[in-house]
Amino acid sequence: MICSYGSLLRCDSHEGVGGLIKRIIAFFAAIFGGYVFAVLTYSQLNLSNLTDMGVALTITERVATAGHDLLSMGGMYLPIMAVAMFVAFVLAALVIRRVPHLRTLGFVLAGAVGMFALIMFFKAFMGTNPIAVTRTIVGVVSQCLAGAIAGFIYAKVNTVSETQT
């Protein structure tokens, strides 16, 4: 019928266009959820560095900073994260075809590894970490956890019915 990028975009005749739409919705939900987690942890880790230097921050300032970061990082970080997750999910889908009982775990791991690969890509090719918090292990883990959350959301929103397995 249409498409064939692993089972992420596979459109078999029994699935039809509705299956493709479901996968697209699941992908956007996953990216949104992962992005929100990534940026919120990014913001709070950066603010934590300020408090370590003795700067007092109110809850209002923390919320305002988080809101600002969610909006301002959308133009750059969101599309980069989407590409990383797309590649990770397509590769995971190819593996998951052979081990469908590990579907959720596969997408969770793919999301985490996709974010780690993104961080390492920038470090290798730019010589630095453009995402400031990824200069620490806590920051790297937070961004990988965001990818894992995206993978979990994708797996759960794009559930496979019993007739498709």
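Two residues are said to be in contact when heavy atoms of one lie within 4.5 Å of heavy atoms of the other. With that in hand, Tyr77 makes a good starting point in this predicted model. Leaving aside its neighbours within four places in sequence, Tyr77 is in contact with Tyr35, Ala38, Val39, Met115, Leu118, Ile131 and Gln143.

Tyr77 also belongs to the largest nonpolar core, which has 30 residues. Together with Met85, Phe89, Phe107 and Tyr154, Tyr77 touches the most other members of this core. Two or more core residues come from each of helix H1 (16–52), helix H3 (77–96), helix H4 (103–126) and helix H5 (137–157). Of these helices, H3 supplies the largest share, with 10 residues. A second core, separate from this one, is made of five residues, among them Ala112, Val140, Cys144 and Ala148. As background, nonpolar side chains in soluble globular proteins tend to be buried together.

The packing of H1 against H3 can be followed residue by residue. The axes of the two helices are 10 Å apart, and the angle between H1 and H3 is about 125°. Angles from 115 to 145 degrees count as oblique, and H1 and H3 are therefore oblique to each other. Their crossing is right-handed. On the H1 side, the contact is made by Phe27, Ala30, Ile31, Gly34, Tyr35, Ala38 and Val39. On the H3 side, Tyr77 appears again, joined by Leu78, Met81, Ala82, Met85, Phe86 and Phe89. Sorted by class, the contact of H1 with H3 has 13 nonpolar residues, one polar residue and no charged residues.

Technical notes
Residues numbered from 1 in each chain as written. Predicted model: local features only at pLDDT ≥ 70, side-chain atom pairs only at ≥ 80, totals over all residues. Heavy atoms only, no water. Core = buried A, V, L, I, M, F, W, Y, C linked by side-chain atoms within 4.5 Å. Buried < 20%, exposed > 50% of the residue type's maximum accessible area, 1.4 Å probe, protein only. Helix = DSSP H or I, 4+ residues; strand = E, 2+ residues; numbered from the N terminus. Axes fitted to C-alpha atoms, helices over the stretch in contact; angles between N-to-C directions. Parallel < 35°, antiparallel > 145°, perpendicular 65-115°, else oblique. Left-handed = near helix turned anticlockwise from the far one by under 90°. Nonpolar A, V, L, I, M, F, W, Y, C, P; charged D, E, K, R; others polar.
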